[in-house]
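Here is a set of short exercises to work through with the model open beside you. Try each task before reading the solution.

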Amino acid sequence: MKAALVESVGNVSLTTVPDPTPGPREVVVRVAACGLCGTDLHIRQGEFAPSLPLVPGHEFAGEVVALGTDVTELAEGDRVAVDPSLYCHECRYCRSGHNNLCDRWNAIGVTRAGGAAEYALAPVANCVKLPDHVRTQDAALIEPLSCAVRGYDVLKSQLGSHVLIYGSGTMGLMMLELAKRTGAASVDVLDLNPERLATAQKLGCSSSAANADELDLAERGGWDLVVDATGNAAAIQDGLGRVAKAGTFLQFGVSDYATTATIEPYKIYNQEITITGSMAVLHSYERAAELFAGGVLDPDLFISDRLPLDDYPAALDRFAAGKGRKIVVVP
């Protein structure tokens, strides 16, 4: 089958790899669409993946075309979205309910062959069957949405909170949509990209700007919830200083390993500020699938580019340049 392959650091190509064969509790999915994500850029840089070469792609959906011998929950022809998370279910973190922090954490498309290919292998337990009205290609959005749902689980936001989001790419926009639906009093969005800010405005953010100083709450003590959806050091540093007393800063964007920021311990103590993170998916994929089926996102607005799998290297470059919103490749 045809697949994208990160052969070595910085080197991505299209190649032919063997067709996958399902184990007893696995299925083979004919990929309908695979989304690109910041994690894919990190993998191209040699981060996250334990070894290269690797077929990337952890945001995908498609049609089941082959079943393992012990699979009874699905049938050939079923359309599914795939949770890429793979846990050991044995370590202290899995046993305490923190599976996303598993000592042996793996993920389809991150540490094992993923969906940037014509076919992908997945455990049947990771497959969520799609309702008839959901287009299979659109369902690649469910995985990033499940990460955003996890982010809001961590935030434990209260009704009437004032929210500031750094970044209006796919993840920032998803956090905006969830904030609107969890009773936020206001949701402000920051970005240096005017085109992306225009999308945030279209989705109904309270206000938008390139700099937080342009927003009213900058002079009124800051925001109850500050979310970084960029992974950018400058944005993170600025955001840490925008949290109101008793507020929370969520590190949601994925930074490079070397990224650092400075905190003020006395301020954290004196103002009871919480700094926390949200890592991938945790008990949120099925909920995200239901929200998606219920119309929480407009796929035609979120997906800006649908490119052929053959263009995967160019699509990755386009994503790295900050062009478009969600980019998906279609085998």
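**Exercise 1. A backbone oddity in a loop**

Where does Lys 156 lie?

Solution. Keep in mind throughout that this is a predicted model. Start with the secondary structure: Lys 156 is in the loop between α3 and β10 (162-166). Next, look at the backbone: Lys 156 is not a glycine, yet its phi is positive, about 50°. Finally, check the surface: with a relative accessible area of 67%, Lys 156 is exposed.

**Exercise 2. A similar case in a strand**

Find the place of Ala 246, then decide whether Ala 246 is buried or exposed.

Solution. First, Ala 246 belongs to strand β14 (residues 243-251). Second, its phi is positive, about 65°, although Ala 246 is not a glycine. Third, the relative accessible area of Ala 246 is 57%; the cut-off for exposed is over 50%, so Ala 246 counts as exposed.

**Exercise 3. Helix α4 from end to end**

Test whether the length of helix α4 (residues 170-181) agrees with its number of residues, then work out how enclosed the helix is.

Solution.
- Step one is the expected span: helix α4 has twelve residues, and at 1.5 Å a residue they should span 16 Å.
- Step two is the comparison: the end C-alpha atoms of α4 are 17 Å apart, which agrees with that expectation.
- Step three is burial: the buried residues run Thr 170, Met 171, Gly 172, Leu 173, Met 174, Met 175, Leu 176, Glu 177, Leu 178 and Ala 179.
- Step four is the conclusion: because ten of the twelve residues are buried, α4 is largely enclosed by the rest of the structure.
- Step five looks past the helix: Gly 183 follows α4 and has a positive phi, near 80°.

**Exercise 4. A residue after α4**

Which residues does Ala 185 touch, not counting residues up to four places away in sequence?

Solution. Begin by placing Ala 185 in the loop between α4 and β11 (186-190). Leaving out those sequence neighbours, its contacts are Gly 160, Ser 161 and His 162. Now take a C-alpha distance: Ala 185 and Val 163 are 22 residues apart along the chain, and their C-alpha atoms are separated by 7.9 Å. To finish, the relative accessibility of Ala 185 is 48%, so Ala 185 counts as partly exposed.

**Exercise 5. A threonine in a helix**

Is Thr 199 buried or exposed?

Solution. Thr 199 sits in helix α5 (residues 194-202). Its relative accessibility is 8%, and the cut-off for buried is under 20%, so Thr 199 counts as buried. Once neighbours within four places in sequence are set aside, the contacts of Thr 199 are Leu 173, Leu 301 and Arg 325. Leu 173 also appeared in Exercise 3, among the buried residues of α4.

**Exercise 6. Two helices, each with a buried face**

For helices α8 and α10, list the buried residues and say what they pack against or what covers them.

Solution for α8. In this helix (residues 285-293), the buried residues are Tyr 285, Ala 288, Ala 289 and Phe 292. Viewed down the axis of α8, they fall within an arc of 100°, so they line one face of the helix. They pack against β5 (79-82), β9 (127-129), α3 (142-155) and α9 (299-302). Just after α8 comes Gly 295, with a positive phi of about 90°.

Solution for α10. Here (residues 312-320) the buried residues are Tyr 312, Ala 315, Leu 316 and Phe 319. Down the axis of α10, these too fall within an arc of 100°, so they line one face of the helix. Their cover includes β1 (2-8), β2 (11-16), α1 (38-44), β16 (303-308) and β17 (326-330). Just after α10, Gly 322 has a positive phi of about 75°.

**Exercise 7. The second largest pocket**

How many residues line the second largest pocket, and which of them lie nearest its centre?

Solution. The volume comes to about 310 Å³. Its lining has 19 residues, and those nearest the centre are Asp 83, Ser 85, Tyr 87, His 89 and Asn 126. Sorted by class, the lining has eight nonpolar, seven polar and four charged residues. Among the elements, β6 (85-86) and α8 each supply at least two lining residues.

How values were computed
Residues numbered from 1 in each chain as written. Predicted model: local features only at pLDDT ≥ 70, side-chain atom pairs only at ≥ 80, totals over all residues. Heavy atoms only, no water. Helix = DSSP H or I, 4+ residues; strand = E, 2+ residues; numbered from the N terminus. Buried < 20%, exposed > 50% of the residue type's maximum accessible area, 1.4 Å probe, protein only. Contact = heavy atoms within 4.5 Å. Arc of directions from axis to C-beta. 1 Å grid on protein atoms, 1.4 Å probe; cavity = no way out; pocket = protein on both sides within 12 Å on 5 of 7 lines; lining within 4 Å. Points joined across faces, edges and corners; volume = space filled by probe spheres on them. Nonpolar A, V, L, I, M, F, W, Y, C, P; charged D, E, K, R; others polar. Expected span 1.5 Å × (residues − 1).
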